[in-house]
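Visitor: I have a structure open and would like to go through it with you. Can we take it piece by piece?
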Amino acid sequence: SKMPVNLARIKLNRGANLLNPHYCFVGTWIVVLALYGFGWSSFNSALNPMLVIFFAIAIAFSLLAGGILPKTKDREGCVFSLRKCRLITTAITIVTFADFAYQGGIPAFSNKEYVGYDIRYGASASVGIPLVHVVLVSFSLFYSFFLAYCAVYSRKDRGKFFTLYAITVVLISLMGSRSFVMFCLLSIVLLAINRSPKSLKTVRVRDILFSIIVIVSILFLFGVYGNIRSGYDWDDSSMILSLGSLKDYPDWLPGQFAWAYSYATSTLANLNLNVIYENHYQSIVNLASYFLPTTLTKGIFAPTGFGLLYYDHHLNASTAFSGVYSSFGIAGFYIYFFFQLAYFSLLDRIYQKTVVGQSLGRMILSFFALLSCFYDPYTNVALCMAPLYLAFYSIYKSGKVGREVRSSAKGFSSTAANRLADRGFDYGL
C-alpha cells in the first residue's frame, strides 16, 4: 500500500559526532591545563601531583567513552509546532516581565555597580518571585536550546523559529546572566556545525574558521560586558587584570580576553590550593549534596562551598571537583567523574528513544562537560534541569509517537511498523 506522507518524509542525518560530551570534557580540560601552564596569573602555582594523575586518568577514560559513543541520528525536515512554540514564548515573556516587576527593575539595566559575587557574604540582590524565578530561568535556558534545535533542523519556518530563539535569548540577557547568554549563542553554532557534515573528514574549512570567529567574538563580548557590568568603560579591563593577579598578561592580547582567561584558570588554581592544603574531611552525606540542586539540599546539608579556600573571594569558582574533594578527599574526584560518565550514558540512551532530540541532548551534556572546569552544574537548579526536561520529553514523545506511527503504518508488516515506532520518529512539541 501507499506509504503515509509522514513516514515518506523520514530522512536520517547521521551527524559528524561533533557533539560528543566525553570529547568535550577532554578538549575543555586540555585547553584549561594549557592556559594554566602559560602562567599569566600569580595564582597559577605548580599543580599537585594527585591532580595531574587524576586528570590523566579522567582524560583517558573520556577518550575511551567518546570513542564508543554512537553517532547522532536526527531526522531532517522535522515537523515542529510553530504555533505551540509561539504560545510558550509568549508565556515566558509575560512571566519574565512579571518577575522583573517583582524585583523592581530589569537586572541587566541595574544601576548598582557590580564587583562580583563574594561568597563570604552571599547574594544581596533580589532573586525574583519565589520558586517561579528558578523555574523560569531553568526552563528558559532549556527552551532556548530547543528553539535553536528547531531553527537548525526544521525544514520550514526556520526564520520564524530563529526569531523566537532570538526573543528568548534577549529575555535571558535581560535577566543579567552573561554565562547563560553565551551558552545560548554557542548552542545554535554547535548544532548547525553538527548538522552539516556526514563525517569529521568532511567538515569544511570555512565552517571551522566561522566557528573560531564566533567563539572568539563571544569571548570578546563576554569581556566587554564584564567591564561594563563592573562600572568601567567597555575597553577598560583594569579591574579583572588586578582581581585575577594577571601580572604577566601579554600586551598584544586585548584586555577583554582577560575575563575568559581569569575565569578559566582561577578555578583550577582554587582547586589546586585546596588540594595542596588538604582542605577536606570525610562525609558521604555531604558528598551526596553535590549531585543535587542546592534548592533541595539547602538547610539539610552543609552549604555548597563551605570551607573552601580561594585566592580571591570574588573569583570563587573552583571547578566541579572542589565540593566533592572537600567532602571526600581525592576519592571524591573519582566518584564524581565516574558518576558523570554513567549519567551521560543513561541520558544519551534515553535521548535515543526519539531520533529528534539526540543532537540537542548531546549539546546539553557537552555544556555540562564544559562547565566542569567552572563549577558543579548538578547543584545549579537552572542548569541541572535542562537535560532532565529533554529526558522527560523524550520518554513522553517516544510513547506517543510510537502509537501514532503504528496506527498510521497500515499496510506494512507488523515487524516493519514496530521497527519504525521503536526508532521513535518525532514530530516536535
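Visitor: Which helices each supply at least two residues of the lining of the second largest cavity?
Guide: This is a predicted model. In it, helix 2 (21-38) and helix 14 (330-351) each supply at least two residues of that lining.

Visitor: Which residues line the second largest cavity?
Guide: The lining is made up of Pro-21, His-22, Phe-25, Ser-62, Gln-340, Leu-341 and Phe-344.

Visitor: How do they divide into nonpolar, polar and charged?
Guide: Four of the lining residues are nonpolar and three are polar, with no charged ones.

Visitor: And how much space lies in the second largest cavity?
Guide: About 30 Å³.

Visitor: How many cavities of 30 Å³ or more does the structure hold?
Guide: There are two of 30 Å³ or more. The largest has a volume of about 40 Å³.

Visitor: What lines the largest cavity?
Guide: Its lining consists of Phe-145, Phe-183, Ile-364, Phe-367, Phe-368, Leu-371, Leu-383 and Ala-386. By class, that makes eight nonpolar residues, no polar ones and no charged ones.

Visitor: Which helix gives the most to that lining?
Guide: Helix 15 does, with four residues. Helix 15 spans 358-371, and helix 16 (381-408) also supplies at least two residues of the lining.

Visitor: New topic. How many disulfides does the structure hold?
Guide: Zero.

Visitor: What about Cys-184, buried or exposed?
Guide: Cys-184 is buried, at a relative accessible area of 0%. Cys-384 has 6% relative accessibility, so Cys-384 counts as buried too.

Visitor: Why does 6% count as buried?
Guide: Because buried means under 20% relative accessible area, and Cys-384 has 6%.

Visitor: On to the rings. How many aromatic pairs are there?
Guide: The count comes to 39 aromatic pairs. One of them is formed by Phe-54 and Tyr-334, with 5.2 Å centre to centre and 90° between the planes, which is edge-to-face.

Visitor: Where do Phe-54 and Tyr-334 lie?
Guide: Phe-54 is in helix 3 (residues 49-68) and Tyr-334 is in helix 14, so the pair ties together parts that are 280 residues apart in sequence.

Visitor: Is Phe-54 buried or exposed?
Guide: Phe-54 has 1% relative accessibility and counts as buried. Its partner Tyr-334 is partly exposed, with a relative accessible area of 23%.

Visitor: Which ring does Phe-339 form an aromatic pair with?
Guide: Phe-339 pairs with Tyr-378. That pair is edge-to-face, at 5.7 Å centre to centre with 80° between the planes. Phe-339 sits in helix 14 and Tyr-378 in the loop between helix 15 and helix 16, so the link joins distant parts of the chain, 39 residues apart.

Visitor: How accessible are Phe-339 and Tyr-378?
Guide: Phe-339 is partly exposed, with a relative accessible area of 30%. Tyr-378 counts as buried, at 3% relative accessibility.

Visitor: One last residue. Where is the place of Ser-262?
Guide: Ser-262 is in helix 10 (residues 257-276). Ser-262 is buried, and its relative accessible area is 2%.

Visitor: What is Ser-262 in contact with, leaving aside its neighbours within four places in sequence?
Guide: With those neighbours set aside, Ser-262 is in contact with Ile-240, Gly-244, Leu-246 and Leu-315.

Key
Residues are numbered from 1 along each chain as its sequence is written. This is a predicted model: local features need pLDDT of at least 70, side-chain atom pairs count only at pLDDT 80 or more; totals for chains, interfaces and linings use all residues. Side-chain values use heavy atoms; hydrogens and water are left out. On a 1 Å grid over the protein atoms alone, a cavity is a set of points where a 1.4 Å probe fits but cannot get out, and a pocket is an open set with protein on both sides within 12 Å along at least five of seven lines; lining residues have an atom within 4 Å of a point. Grid points are joined across faces, edges and corners, and a volume is the space filled by probe spheres set on the points. Ala, Val, Leu, Ile, Met, Phe, Trp, Tyr, Cys and Pro count as nonpolar, Asp, Glu, Lys and Arg as charged, and the others, Gly among them, as polar. A disulfide is a pair of cysteine sulfur atoms within 2.5 Å. Buried means under 20% relative accessible area, exposed over 50%, partly exposed in between (1.4 Å probe, protein chains only). Rings of Phe, Tyr and Trp (its six-membered ring) pair if their centres lie within 6.5 Å; planes under 30 degrees apart count as stacked, over 60 as edge-to-face and the rest as tilted. Contact means heavy atoms within 4.5 Å.
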